[in-house]
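Q: I would like to learn how to read this structure, feature by feature. Where should we begin?

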Amino acid sequence: MSALTAALKNTFGYDQFRPLQREIMETALAGRDVFALLPTGGGKSLCFQLPALLKPGLTLVVSPLIALMKDQVDALTVAGVRATFLNSSLSADERRARLAGLHRGDYKLLYVAPERLMLDHWEENLRAWNVSLIAIDEAHCISEWGHDFRPEYRQLARLREFIPGAPMMALTATATERVREDIVRHLTLREPACFVASFNRPNLTYRVKAKEKPLRQILDFLKKHPDDSGIVYCASRGGAESLAESLSARGLAAKPYHAGLDAGVRSRNQEEFLRDETKVICATIAFGMGINKPNVRFVIHHDLPKNIEGYYQETGRAGRDGLPAECILLYSPGDVAKQRHFIDEKTDEQERDIARRQLTRMTHYAESAVCRRVDLLEYFGEQWPGENCAACDNCLEPRETYDGTVNAQKFLSCVYRACRASGYSVGMNHTVDILTGSGNEKIKQRRHDQLSTYGIGKDLHRGEWLAIGRELIRLKLLGQSQDKFATLTVSAAGMEVLKTRAPVRLTRPLIAPAGAPKRRAEKTGEIECDEELFNQLRALRRQIADAQQVPAYIIFGDVTLRQMARFYPLTAEEFARLSGVGEKKLTEFSEPFTAKIKEYLATHPRVNFR
C-alpha cells in the first residue's frame, strides 16, 4: 500500500481516490506547480490536505471565506490532523497563541485569507514557517471573467517572492477556458501540470419548472422533503428575507442569508444551517462559496441566475456527499426582462455585452427541450456521450413536440418582411406585435400594419408567440443581436426553411400537459437502507456534534450513516470497514454508534438488501 493510500484510509477513512485526486497529489508531492479543476463535491480539499501530511513543513492554504476556514479546520481536527486558521474572527490572545504554535512547528496546515498575507511581517513569518506547499482555493476569484472576482487575489503572485521554493496548487470548481488561462498567468504558475475533471455530477437531478406561484411551489416541494437540508437562491436581499419569513410563518425552519444582514446574524444563520438546526437557508449568491456541507439535498433557484457558470456553481452545493440531490429552477420570462433592465443600467459597454450574452445563454438553458446535462456540460466544453441522462426533467418527462412548420413560417416571414420594409431589423416584442395585430403607435409609425404578416397570428396568445420566437433562436433559424435592443434577423438556415417550406418541429412550453407520463429512474448515488435506523443514528450524531460544538456532518456524513443502517456493524472491526471511518473516528465513535445499532436490533428485525 502506498503512503498516499495508507494516509487516505488511516486519516480520512476512505479506500479509494476520486477521479484525478491521486495524480494531483503525486504531482504536488513531486514539487511541481498544479492547476486543478474539479467539480464541487469532487474532493478538491483533499488534494492539498493529504500531501500536507506527507510533506515536511507547513502547507499554506489561501481561502476567501472565514466560514470555510473554520469548517475545514474543525473537520481536520476531528480526523486527527494538526490544522489551524488565522483571520479576523480570532481574539488577540487566540491569534498570539496560534502564531506561537506556527513558530514551534505545531501545525501541518494553515488557512488564511489573501488580504492577510500582505500585512506587515508576513513575509518574515512565511519564510520562518518552512512553507513547503501553497494551495490557492477558489482560484477563479483571480479572474475578472470569473463569476466571483476578488481584487485581493491579484496580489497572491507576490507569494512567489516570499517563498520562491514552494510549489503552488491552484484549485477551482468552475472555470471556462478564458478563466483558466487567467489563473495560470496571474498566479505565475511555472509550467503547471493541468488537471481538468469531468463537470458531470451524476447524482444531481436537474429540473426547470414554469414559475407560477413560487411560494406555493416551494412549499409543496418542502412538504415532500421534511427532513432534508437545502438552499433557496433569490435574486435580491429583500426576496431572500421575504421568502424566509413566509416559510417560517408556516412552521418551517428557514432563515435568510445575504450581505446586508448584520454580520452576527448572518454568521448565526449560517452556523444553524451547518448544524441542521435550520433546514432551509433563503439566500442571495453571497451564500455558499466554500461551504462544505455535504448533506444539502436540494438547491432551488427562486429567480433566474445571471449566467450558466454561477448556476452550475450554486447547484453544485447540493449532494456533495455523492447521494442523490435535486436542483430546481423556477423560470419565468418576466425574470429575463428584469435581468435585461439591470444590464441596460450598467455603464461599461463591454460589461453590458458580456452580461447580455451570458443571460441569453442562461435563458436558452431554461427553455431548451434537450437534456439539461448535455446543455450544461457543453457550456464547459465537455461532451456527454449519450442523449438521455435519466436525471433531468427533459429526459424523465420529455415535453411534447408538434408540427410547428406553419407557425415558424409566419414568424420568420414576419421578421424578414419587417426588416425589408423598414431597412432595419426589429426586436422580438415588435415582431409579436405585428403577428398579433397590435394597434400600438410604433406599428403605425413604421407602417407595419400594412405588412402581409400583420395580424396573421391572432390565433395564439402573445406569450405563445414569444416562446416560439425564442425557440427559433435556439434552433438557429433566427439570429438575435446582443445590443440593448436585441434585434432579430433570419439566418441562412431560416431563409432555407422559408424558401423550401421544410418541416419544423417545435416543443410545447414548460407547462406540461395534464396526465403526461413520468419516469422514475434509480438515482445515482442512492444507498438503500433501514430508514428508521438511519433517523435514530442521525439523532445520535446530532447529540455528539452538539456536545463537541461542531456541525453534524463533521462527525460522520450521511453516506457513512446510511452504510451503518444498511450493514448493521456491531463490532469495531465491522465499523472500520465503513466509508469515512479513519483511525481517530474509529477510536472515538465506534462504541456509541454500535451500541445504538445493538439497541435497535433488540426490538427490530434486520432488513435484507439486495
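**Reading the sheets, helices and cores**

A: Start with a sheet, and keep in mind that this is a predicted model. Six strands form an open sheet, ordered β8-β13-β12-β9-β11-β10, and the pairing is parallel.

Q: Which strands stand at the edges of this sheet?

A: They are β8 (204–210) and β10 (254–257). Each has a single partner strand, so one side of each lacks a neighbour in the sheet. From one strand to the next, the twist averages 20°.

Q: What holds strands of a sheet together in general?

A: Strands pair through backbone hydrogen bonds, and the pairing is either parallel or antiparallel. Take one pair here: β8 and β13 (residues 325–331) are joined in the parallel sense by seven bridges. Within that pair, V208 has L329 of β13 as its bridge partner.

Q: Which helices pack on this sheet, and at what angles?

A: Helix α11 (residues 263–274) touches β9 (229–233), β10, β11 (280–283) and β12 (296–301). Its direction makes about 135° with that of β10. Helix α12 (residues 308–315) lies across β8, β9, β12 and β13. It runs at about 150° to β12.

Q: Is α12 mostly covered or mostly open?

A: Mostly covered: eight of its eight residues are buried. The buried residues are I308, E309, G310, Y311, Y312, Q313, E314 and T315. The cover includes strands β8, β9, β12 and β13. Helices α14 (349–367) and α15 (372–379) are also part of it.

Q: What is the strand order in the sheet of seven strands?

A: The order is β3-β4-β2-β5-β6-β1-β7. This sheet is open, with parallel pairing. Its edges are β3 (83–86) and β7 (193–196); each has a single partner strand, so one side of each has no neighbour in the sheet. On average, neighbouring strands are turned by 15° against each other, direction ignored.

Q: How many bridges join β2 to β4?

A: Four bridges join them. Strand β2 covers residues 58–62, β4 covers residues 109–112, and the two run parallel. One residue pair to find on screen is V61 with its bridge partner Y111 in β4.

Q: Which strands does helix α5 lie across?

A: Helix α5 (residues 92–104) lies across β2, β3 and β4. It runs at about 130° to β3.

Q: Where does L90 sit, and is it buried or exposed?

A: L90 is in the loop between β3 and α5. At 8% relative accessibility, L90 counts as buried. Leaving aside residues up to four places away in sequence, L90 touches F85, R95 and R98.

Q: How do I read a helix pair, such as α1 with α3?

A: Look at the axes, then at the contact. The axes of α1 (residues 3–12) and α3 (residues 46–54) come within 10 Å and cross at roughly 105°. That crossing makes α1 roughly perpendicular to α3, because angles of 65 to 115 degrees count as such. On the α1 side, the contact is made by A3, L4, A7, L8, T11 and F12. On the α3 side, L46, Q49, L50, L53 and L54 make it. The contact residues divide into nine nonpolar, two polar and no charged.

Q: Which residues have the most contacts inside the largest nonpolar core?

A: They are L117, L126, I136 and L159, in a core of 71 residues. Follow L117: not counting residues up to four places away in sequence, it touches L60, V62, V112, W122, L126, L156, L159 and F162. A second, separate core has 33 residues, among them Y257, A325, M362 and C389.

Q: What should I look for in the backbone phi angles?

A: Look for the sign. Most residues other than glycine have a negative phi. K476 has a positive phi, near 65°, and is not a glycine. R501, also not a glycine, has a positive phi of about 55°.

Q: Where are these two residues, and are they buried or exposed?

A: K476 is in the loop between α20 (462–474) and β15 (478–480). Its relative accessibility is 61%, so K476 counts as exposed. R501 lies in the loop between α21 (492–500) and β17 (505–507). R501 is exposed, with a relative accessible area of 60%.

Conventions
Residues numbered from 1 in each chain as written. Predicted model: local features only at pLDDT ≥ 70, side-chain atom pairs only at ≥ 80, totals over all residues. Heavy atoms only, no water. Pairing = 2+ DSSP bridges. Axes fitted to C-alpha atoms, helices over the stretch in contact; angles between N-to-C directions. Contact = heavy atoms within 4.5 Å. Parallel < 35°, antiparallel > 145°, perpendicular 65-115°, else oblique. Nonpolar A, V, L, I, M, F, W, Y, C, P; charged D, E, K, R; others polar. Core = buried A, V, L, I, M, F, W, Y, C linked by side-chain atoms within 4.5 Å. Buried < 20%, exposed > 50% of the residue type's maximum accessible area, 1.4 Å probe, protein only.
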